[in-house]
Amino acid sequence: MPEVMRTRGFRFFFFSREGHEPPHIHVERAEKYAKFWLEPMVELAESRAFRSHELTALREMVEEYREQFILAWNEYHNR
């Protein structure tokens, strides 16, 4: 499970066997979880336990670090 970044109490990662899916990032904090697609634009794929305002803030963070996440995804999956 490659971890890409930890910031503000959030852990951003993807799973090693997800290379068949489009680029995306998982986010965890305590018992909360979300998954965001990174292409063609940042879009929430699923979430558990995050409140609406938290998801809004997370989306902004994912957009801020989107290029870094895509680069990590492509490097790991040899794309």
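A residue is called buried when its relative accessible area is under 20%, exposed when that area is over 50%, and partly exposed in between. The exercises below apply this and related criteria to a predicted model.

**Exercise 1.** Determine which accessibility class E63 and its salt-bridge partner R59 belong to, and where the pair lies.

*Solution.* Begin with the contact itself: the side chains of R59 and E63 meet in a salt bridge, with a distance of 3.3 Å from N to O. Next, place the two residues, which both lie in helix α1 and stand four residues apart, about one turn of the helix. Then take the accessibilities in turn: E63 has a relative accessibility of 41% and therefore counts as partly exposed, and R59, with a relative accessible area of 30%, is likewise partly exposed.

**Exercise 2.** Trace the pairing of strands β2, β3 and β4, and find the residues that stand opposite H26.

*Solution.* First consider strand β2 (residues 10-13) and strand β3 (residues 24-29), which pair in the antiparallel sense over three bridges. Strand β3 also pairs with strand β4 (residues 32-37), again in the antiparallel sense, over six bridges. H26 in β3 stands opposite F13, and H26 also stands opposite K35 in β4. Finally, turn to the connection: the hairpin of β3 and β4 has two residues between the strands, and in this hairpin A30 takes a positive phi near 55°.

**Exercise 3.** Describe the salt bridge between R11 and E28, and decide whether each partner is buried, partly exposed or exposed.

*Solution.* The closest N and O atoms of R11 and E28 are 2.7 Å apart, and the cut-off for a salt bridge is 4 Å. The pair links distant parts of the chain, since R11 belongs to strand β2 and E28 to strand β3, 17 residues apart. R11 has a relative accessible area of 14% and is therefore buried, whereas E28, at 28%, is partly exposed.

**Exercise 4.** Identify the elements that the salt bridge between R8 and E64 links, and state how accessible the two residues are.

*Solution.* Start from the geometry: R8 forms a salt bridge with E64, and their closest N and O atoms are 3.8 Å apart. This pair links distant parts of the chain, with R8 in the loop between β1 (3-7) and β2, and E64 in helix α1 (residues 52-76), 56 residues apart. As to accessibility, both R8 and E64 are exposed. To set the pair in context, the structure holds nine salt bridges.

Definitions and conventions:
Residues are numbered from 1 along each chain as its sequence is written. This is a predicted model: local features need pLDDT of at least 70, side-chain atom pairs count only at pLDDT 80 or more; totals for chains, interfaces and linings use all residues. Side-chain values use heavy atoms; hydrogens and water are left out. Two strands pair if DSSP finds at least two bridges between them. Buried means under 20% relative accessible area, exposed over 50%, partly exposed in between (1.4 Å probe, protein chains only).
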